[in-house]
Amino acid sequence: MFTSEAANLGQLITGPTAQNLIRVFFLQERLKSVAAGIDFKSRQVHVIGGGIMGGDIAAWCALKGQRVTLQDREAKFLTQAIKRAHKLFQRKLKSKRLVQAAMDRLMPDPRGYGVKHADVVVEAIYEDLEAKQTLFRDLESKVGPDTLLATNTSSIPLESIGEALENPERLIGLHFFNPVAKMQLIEVVSGRVTDPLLMQKGAAFSRSIDRLPLPARSSPGFLVNRILMPYLLEAIELLGEGVPGPLIDNAATRFGMPMGPVELADRVGLDICLAVANKLAPVFNLEVPEQLHVMVDQKQLGVKTGAGFYRYEKGKAIKENLDSQFHAPNDLADRMIFRLLNEAVACLREHVVEDEDLLDAGIIFGTGFAPFRGGPMHYIHSGGLTRMRQRLNELEQLHGDQFHPDSGWTNLSGA
Ligand code: NAI
């Protein structure tokens, strides 16, 4: 037993799984270091829009010690947000005194008095360019000269929102992920004219609320949503071809994803998936599967309506038993993962993030991409560039243009 343990432990420590997980640790350190040495301390945050995102961002900031004012034009959203915050504080802080202190730090502020005193303003109103422009035009005249101005938009280019500002270089993106209390990553987004110092301040602020900042360039979907979308669309395409959802999800979880894409789409909300897909489709030549339109038309939006691709009972997906006669195609995981990899290569070519390590870090911490594989780019290199590209060519011949290798493959180191 001892001999065998010694031999196996050696293999475990030096094997690819352990090495990749050590890599993930260093990737995390890399993200933390983005904010190293930057002298920016925020004590007061003002969040505008108390919906799902704004409410939860405000709660998270208060949990992490910031004084927070939360503004919404409708009182009912503020009430709901404060209730959710209370639950979060109870779960995380346990002691009554600490929960009360956190509640005291979070103030509903329907009239927006907090704007004047805020070190950071985060806009999280609904996804509409004109509404955001109107809001920022008004904000710019009210905030102090050193206040950091940020938007949580998930798809509107910063340049477009910035058109409303006299000083568009002041605007950065702070793109949080849903659910805010669970997702560690924040994409800190810069537009063409954004002041680099403010990007650093955005990163420092993200660290101060215990989040990992990923500097990304403003382009549709930024990094994480853009890379995730082709993977999700391929899964929906497979459903349309008659492959049962549980098989698709199993293929993804066996690869190492934390949750299958079919269930993930249901949990994000099919309406949100469709809205993001519609924004990205014309820019990146994506085909949005008909089935997604049909489901949204029928108001089958996923967990929030009790049914999407699966039915949900008490928040749990009911997955039907598989027909034992059904023979799953053996390239399910490859079809989904290679679309994700191809998009990752395209993002690097377009410099959405600075380098391969930042891309891997963003996708691991923003989507949960199989950490033991070390990230999409690391996975490509481990598989061998030529072999991975050949596989993409095979998939293109079998399944169509969506697998056409991006021109960035030839620029990768080792190509
Ligand atoms: P939501 O619809 O839940 O909340 C929007 C809130 O803004 C509502 O409570 C509304 O009353 C309020 N509002 C609208 N106009 C306002 C104004 N002029 N002044 C004050 N309050 C106003 O929307 P959600 O999902 O929270 O999204 C907000 C932003 O976050 C959007 O830009 C979205 O793209 C982005 N986002 C959403 C994610 C998600 O999973 N829902 C993930 C990451 C970003």
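**A tour from helix α13 to helix α3**

Begin by selecting helix α13, residues 290–297, in this predicted model, and colour Leu292, Met295 and Val296, which are buried. These residues cover an arc of only 95 degrees around the axis, and therefore lie on the same side of α13. Behind that arrangement is a general rule: an α-helix has 3.6 residues a turn, so residues three or four places apart point the same way. Now turn the view to the face of α13 that points away from its buried side, where you will find the exposed residues Glu290 and Asp297. To see what covers the buried residues of α13, add α9 (224–240) and α12 (270–284), which are among the covering elements. Before leaving this region, step past the end of α13 to Lys299, which follows the helix and has a positive phi, near 60 degrees.

Next, show the largest nonpolar core, a set of 77 residues in which Leu223, Tyr231 and Leu359 touch the most other members. Helix α9 gives this core its largest share, 11 residues. Centre the view on Leu223 and, leaving aside residues up to four places away in sequence, display what this residue touches: Glu187, Leu214, Cys347, Val352, Val353, Leu359, Gly362 and Ile363. A second core, separate from the one just shown, has 40 residues, including Ala62, Ile82, Ala102 and Met199.

From Leu359, move to the pair formed by helix α15 (residues 356–367) and helix α16 (residues 376–383), whose axes come within 7 Å and cross at roughly 115 degrees. On the α15 side, select Glu356, Leu359, Asp360 and Ile363, and on the α16 side Pro376, Met377, His378 and His381, since these residues make the contact. Colouring the contact by class gives 4 nonpolar, 2 polar and 2 charged residues.

Finish at helix α3, residues 52–63. How far apart are its end C-alpha atoms, and why does that agree with the length of the helix? At 1.5 Å a residue, the 12 residues of α3 should span 16 Å, and the end C-alpha atoms are indeed 16 Å apart. Next colour α3 by burial: Met53, Gly54, Gly55, Asp56, Ile57, Ala58, Ala59, Trp60, Cys61, Ala62 and Leu63 are buried. Because 11 of the 12 residues of α3 are buried, the helix is largely enclosed by the rest of the structure. The last stop is Gly65, just after α3, which takes a positive phi of about 100 degrees.

Conventions:
Residues are numbered from 1 along each chain as its sequence is written. This is a predicted model: local features need pLDDT of at least 70, side-chain atom pairs count only at pLDDT 80 or more; totals for chains, interfaces and linings use all residues. Side-chain values use heavy atoms; hydrogens and water are left out. Buried means under 20% relative accessible area, exposed over 50%, partly exposed in between (1.4 Å probe, protein chains only). Helices (H or I, at least four residues) and strands (E, at least two) are DSSP runs, numbered from the N terminus. The arc is that of the directions from the helix axis to the C-beta atoms. Contact means heavy atoms within 4.5 Å. A nonpolar core is a set of buried Ala, Val, Leu, Ile, Met, Phe, Trp, Tyr and Cys residues joined through side-chain atoms within 4.5 Å. Axes are lines fitted to C-alpha atoms, for helices over the stretch in contact, and angles run from 0 to 180 degrees between N-to-C directions. Ala, Val, Leu, Ile, Met, Phe, Trp, Tyr, Cys and Pro count as nonpolar, Asp, Glu, Lys and Arg as charged, and the others, Gly among them, as polar. The expected span of a helix is 1.5 Å times one less than its number of residues.
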